Amino acid sequence: MFRAAFIEIMRLVVNGLEEDQRLVPAGIATLTDRMAQESIEGATLAQRICYQRVTAIGQTDDARFTVTTAKGEHQQVDRVIVTVSTRAMQVSLRLSQQPAWLTPAVRRAINETHLIGSSKLFLLTKDKFWLKQGLPHTILSDTLAKGVYCLDYQPENPQGHGVVLISYTWEDDSHKLVTLQDKRARLERLVDELSATAPAFARHLTPMNNDPRYILEYDWLTDAQALGAFKLNYPGDDHYSEALFFQFQSARDSVTDCGLYLAGCSCSFTGGWAEGAIQTGINAACATVHSLGGRLLPDNPLQAMSRHYHY
Ligand SMILES: Cc1cc2nc3c(=O)[nH]c(=O)nc-3n(C[C@H](O)[C@H](O)[C@H](O)COP(=O)(O)OP(=O)(O)OC[C@H]3O[C@@H](n4cnc5c(N)ncnc54)[C@H](O)[C@@H]3O)c2cc1C
């Protein structure tokens, strides 16, 4: 992480992104699940979603778009908002091969934006052993098991199960773990490493009932839909975020408006935070409304937001 542009870390502090955090016991997916159940004009959001992998985006003679899905279906749409990671934009959707839609600066930003690698391995334990045994809740080290965190999803029940995140890693530390593809082997290797520095803690690191179903691991780098965890620019690369973030403003002018808008966390100034995904999503929605002849309120991001940076 120390190789990331410091401006990324500064934004995190200035925007207060690490403040007032709350635990969502049922998981953050409950937020989107509930949004999907919202009814708008007689149909829920879930009913309006076609949940399929997009394999290609093309254009028709009348400047509409054809979206092809993995099931081989072709849908014609008036406008497109793309919210996948920049790497997925390049590798899967081939957007940087589309000079008719995107400027050279935006295509370069898609290809060059740095995404950070990350891995997590979670363990469900029989009990919250760290509370019972007076052991640390967090262990940070310079070993392979870099960051170990004990999570209490049932604070009201001292007899409840425990969850241990061993280990939460980034970049090189994550890339090393990617080679340990068997999750049990990965757990054993991490526990072995931890045994040298925290033997009393490491002794408890077995999944409940010794059942491998209670080991969960995830590597974002090898996720074919993401190809990385999230955007974190290298020093000097902030102008890529600027090119991506303001791409939606191509809708201001019919000459530059191609009808396709980029959004999502990796096109934002706050990669790695839902904040950036929401902000760019709203921006792209404004572009779509304007492009289709709708009216926006004053002070909208399309017309009222200007570029602040002079690199
Ligand atoms: C390890 C990690 C830790 C994080 N921690 C935090 C945190 O503490 N707080 C916080 O606010 N944010 C955090 N984030 C960031 C947060 O998850 C993102 O900001 C948010 O999910 C981004 O939303 P999005 O809609 O831009 O992209 P995503 O949520 O990545 O959604 C993009 C979707 O597009 C799908 N997709 C890809 N290709 C295709 C295709 N061809 N066709 C159809 N669908 C496709 C993907 O499968 C994915 O579901 C974290 C992210 C990671 C990876």
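## Strand E8 and its partners

Two strands count as paired here if DSSP finds at least two bridges between them. Keep that in mind for strand E8 in this predicted model, because four bridges join E8 to E11, and the cut-off is at least two. E8 and E11 run antiparallel, and one place to look is Thr-125, whose bridge partner in E11 is Gly-162.

E8 has other partners too. With strand E13 (residues 215-219), E8 pairs over five bridges, again in the antiparallel sense; look for Leu-123, which has Ile-215 as its bridge partner in E13. With strand E12 (residues 169-170), E8 makes two bridges, also antiparallel, and there Ser-118 is matched with Trp-170. As for cover, six of the eight residues in E8 are buried, so the strand is mostly covered.

## A lysine tucked away

Just past that strand, Lys-128 sits in the loop between E8 and H6. Is Lys-128 buried or exposed? Its relative accessible area is 1%, and buried means under 20%, so Lys-128 counts as buried.

What is Lys-128 in contact with, once neighbours within four places in sequence are left aside? The list is Asp-152, Gln-154, Pro-155, Asn-157, Pro-158, Gly-160, His-161 and Gly-162. Gly-162 is also the residue that bridges to Thr-125 of E8. Going back along the chain, Ile-110 is 18 residues from Lys-128 in sequence, yet the two are 44 Å apart in space, C-alpha to C-alpha.

## Two nonpolar cores

In soluble globular proteins, nonpolar side chains tend to be buried together. Here the largest nonpolar core has 22 residues, and the members touching the most others are Val-164, Ile-166, Leu-194, Phe-201 and Leu-205. Strand E8 (118-125) turns up again as one of the elements giving two or more residues to this core, along with helix H6 (129-132), strand E10 (147-151), strand E11 (162-166), helix H8 (183-197) and helix H9 (199-202). H8 gives the most, with four residues.

Leu-194 is a good residue to click on. Setting aside its neighbours within four places in sequence, Leu-194 is in contact with Ile-139, Ala-145, Val-148, Ile-166, Pro-199, Phe-201, Ala-202 and Leu-205. Apart from this core lies another, of 20 residues, and among them are Leu-102, Val-106, Ala-109 and Leu-244.

## Helix H10

Leu-244 takes us to helix H10, where it is one of the buried residues. H10 spans residues 238-245 and is mostly covered, with seven of its eight residues buried. Those seven are Asp-238, Tyr-240, Ser-241, Glu-242, Ala-243, Leu-244 and Phe-245.

What do the buried residues of H10 pack against? The helices are H1 (6-14), H4 (86-91), H5 (104-112) and H11 (274-291), and the strands are E14 (230-231) and E15 (260-262).

## Around the ligand

There are 18 residues around the ligand, and Val-54, Cys-265, Gly-272, Trp-273 and Ala-274 come nearest. Two of these residues have backbone contacts to list. A backbone N or O atom of Cys-265 is 2.8 Å from a ligand oxygen atom, and a polar backbone atom of Ala-274 is 2.9 Å from an oxygen atom of the ligand. On the side-chain front, an N or O atom of Gln-225 lies 3.4 Å from a ligand nitrogen. As for cover, the ligand taken alone exposes 1,000 Å², and the protein buries 61% of that.

Note on methods:
Residues numbered from 1 in each chain as written. Predicted model: local features only at pLDDT ≥ 70, side-chain atom pairs only at ≥ 80, totals over all residues. Heavy atoms only, no water. Buried < 20%, exposed > 50% of the residue type's maximum accessible area, 1.4 Å probe, protein only. Contact = heavy atoms within 4.5 Å. Core = buried A, V, L, I, M, F, W, Y, C linked by side-chain atoms within 4.5 Å. Near = heavy atom within 4 Å. Polar contact = N/O pair within 3.5 Å; in protein donor to acceptor, adjacent residues only side chain to side chain. Areas by Shrake-Rupley, 256 points an atom, 1.4 Å probe, with all protein chains shown as cover.
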